[in-house]
Each structure stands twice: as structure tokens, then as C-alpha cells.
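Colleague: Please take a close look at a single part of this model and explain how it fits into the rest. I would like one connected account rather than a list.

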Amino acid sequence: MTPRRPYRLAATTTAVAALAFGAVACGNGEQAATSDGKVPVVVSTNVWGSVVTAVGGDKVSVKAIIDDPSGDPHSYQSTPEDAADAAGARLLVANGGGYDEFFTQMADQAPEARKVVAFEVSGHAHEEHAPEAPESPDAHEGEGHAHEHGEVNEHVWYDLPTVSKVADQIATQLGELQPADAGVFTANATQFKGKLDELTKQAGQIGTTNPDRKVVATEPIAHYLLETAKIADATPPEFAKAIEEESEVPAAAQDAMNQLVSGKQVNAVINNAQTTSPVTEQLVRTAKNAGVPVVDVTETLPAGVTDYIAWMTQEVNDLAAALGR
């Protein structure tokens, strides 16, 4: 997918990061090594922080730049303190794919830190330019596509196989940084991936148990989870494109979306509760008035939740409950 909103911060963040990095490099560099022997890790969002914690346990100290369950990561304004934290970390973990470009800019100012970028680990980055196999005109009949052919979805924290790969990468990097605990990191990653495997099976059963279900989404945040669950996304492409680009939704696309929901032609609305607009709020009201379930998804961990598996299990359960009606 072509990066959109995150790039608004790139120029400002680069300047801030450069200043902060200069201050840390010439100062005492107190985060270069913690006195308690923990590896300092800085992540772009608390989602990836929860994965680092699952792998690193009490051997790491994790700082998430974006840790606000009510905030919109796209509009986050980084601070000199954020840049200083990134510059002093030994491991940096980002989502990538243009999603958290502000963090990528800061990471560029910390050349000695090890880096894990989830989008690059996922392998989806190479799909953007991959040649497409010919397909019949009706190959996707009855299914909407929030992403046109050739585009890639960057919301890879909902892609459970990618999260598993990231856990492995984190274990490897932490093990090289702190060899004495390499076995601990590997064991933790193995345990975490086992839970992900179970969750993947659980999600895959949703479509099997509830065949022919369709949904629409205010944004394609949970795109990969829907793929795992084998649930068709019937969102009109023009609607999804306009929402993600923060442009005016074409009247025809908005009308088509409303008809799908009010006419109960879909079984649920997947709503990004963290990034709303008058258009998406109206769609949620239409769904509730029509008796169509609304499944809220978020871009960071909900308030009071620190465990990735617990969070994603709830998301899977909510989706299963909505589609089982």
C-alpha cells in the first residue's frame, strides 16, 4: 500500500531526531546500557512493545513511543525525548511500510542500534511489485476489495504469521546483544509462537463455522485477520481509498456502503475505533440502527491490556461472536 498519513511528520521528525541524537551521542548516553543488565528496547507502538516483552521478559526494558489507547498513531507528534530514547536504544522495533514513518526517521539517527521492521520481515513488501497471475473476470465475484491489485496492506500486527516471524527476529537480536540469555529469549519466542499458532487455528475456524459471511470495514486495519478467518471484505474500494487518504468519500461509494449495511447485505461492520470521522461515525450509527454487529478494532493496545495474545484473542472472539449471529 502507498504510505499516506504517516508521511506528514517526516520532515519535522528528522530534524528533531537529528538534534536529539547529537545530544545523546555527545552526552552520557545513559541508555546505552542499563545498570540492571536489561537490554533497552524502543518500539514505535505498544503493540510491538508487547511482542518484545513476550520474548524478552524481565531481561528487557521496553519504551513504546505511542502508548495511548485513545490516540491516533497517524497524527502523533514526536518529541525530542522520543528521539533521545530511540538514539539510546540497543534494539529498535518498528511496524514499517510507511505506517510509523516518524519512527523510521528517528531510527535512521541511531546507526549503531539493531533494528527489526515488521513489514520487511513479513515479506509483504515484495508483493507490491510482484507480477500478477492472470485470473478470470469473475474470480472475485461478490467480494469487495479494500486494496486494489498491486497494493499492500501495512497493518501487519494483525497478520499472525508475521508476528511470529517478528518474535523470532527479536529473539535473535536480543540473543546477540545479550548472549548469556539467548536460550531464554529463544524459549520465550517458542512459547509465544505456540500461542499464536493456536490463535491462528481459532481464527481460521470462523469462516469454516460461518460460511459465506461478509463484512465491510471503515478502514482495512484488520485486513490480515479477515484473510486468516476466511471472511470476505465487501467494502467498496472507492470508500476505503477515500477514508485512508482522508479525502472526501464519493457520494456513490458512501451510498453503496450505506446500502450494504442498512440492507443487511453484510454480517458485520469492522470499525477502526481509533481513527474516526463523521462518515465512519454515521456508518456505525446506521449499522446499529439496522441491527448489524459492529466490531471495534484498534491500532494500539486497549486500556488496561499489555499482552498481545490476550488482546488478539479478544479480537478473534469478538469477530466470531458477530459473525455467528
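Modeller: What follows starts with one helix and works outward to its surroundings.

The model is predicted, so local features are described only at pLDDT of at least 70 and side-chain atom pairs only at pLDDT 80 or more, while totals for chains, interfaces and linings use all residues. Residues are numbered from 1 along each chain as its sequence is written, and side-chain values use heavy atoms, with hydrogens and water left out.

The part I have chosen is helix α7, residues 182-209. Helices (H or I, at least four residues) and strands (E, at least two) are DSSP runs numbered from the N terminus. α7 has 28 residues, and from its first C-alpha to its last it reaches 41 Å, close to the 40 Å expected at 1.5 Å a residue. That expected span is 1.5 Å times one less than the number of residues.

Which residues of α7 are buried? They are F185, N188, A189, F192, K193, L196, L199, A203, G204, I206 and G207. Buried means under 20% relative accessible area, exposed means over 50%, and partly exposed lies in between, with a 1.4 Å probe and protein chains only. An α-helix has 3.6 residues a turn, so residues three or four places apart point the same way.

The cover over the buried residues of α7 includes α2 (46-56), α6 (160-177), α8 (223-229) and α12 (308-323). Contact here means heavy atoms within 4.5 Å. Two of these covering helices, α2 and α12, can be followed further.

α2 packs on a sheet, where it touches β1, β2 and β3 (91-94). The direction of α2 makes about 150° with that of β1; axes are lines fitted to C-alpha atoms, for helices over the stretch in contact, and angles run from 0 to 180 degrees between N-to-C directions. This open sheet has 4 strands in the order β2-β1-β3-β4, with parallel pairing. β2 (60-66) and β4 (114-117) stand at its edges, each with a single partner strand, so one side of each has no neighbour in the sheet. From one strand to the next the twist averages 20°. Strand β1 (residues 39-45) is joined to β2 by 6 bridges, and V43 stands opposite A64 in β2. Two strands count as paired if DSSP finds at least two bridges between them.

α12 packs on another sheet, touching β5 (214-217), β7 and β8, and its direction makes about 165° with that of β8. This is an open sheet of 4 strands in the order β6-β5-β7-β8, with parallel pairing. Its edges are β6 (232-233) and β8 (294-297); each has a single partner strand, so one side of each is left without a neighbour in the sheet. β7 and β8 pair in the parallel sense over 4 bridges, with I270 opposite V295 in β8.

Back in α7, F192 belongs to one aromatic cluster with Y99, W157, Y158, Y308 and W311. Rings of Phe, Tyr and Trp (its six-membered ring) pair if their centres lie within 6.5 Å; planes under 30 degrees apart count as stacked, over 60 as edge-to-face and the rest as tilted. The structure holds 6 aromatic pairs. In one of them, F102 and F103, the ring centres are 6.4 Å apart and the planes stand at 80°, so the pair is edge-to-face. F102 is buried at 2% relative accessible area, and F103 is buried at 1%. Y308 and W311 also form an edge-to-face pair, 5.9 Å centre to centre with 80° between the planes. They are 3 residues apart in helix α12, which puts about one helical turn between them. Both Y308 and W311 are buried.

As for the protein chain as a whole, its secondary structure comes to 12 helices and 8 strands. Buried residues make up 50% of its 325 residues. Of the contacts in the chain with a separation of 6 or more, 73% are between residues 24 or more positions apart. The chain exposes about 14,400 Å², with 50% of that supplied by carbon and sulfur atoms; the area comes from the Shrake-Rupley method with a 1.4 Å probe.
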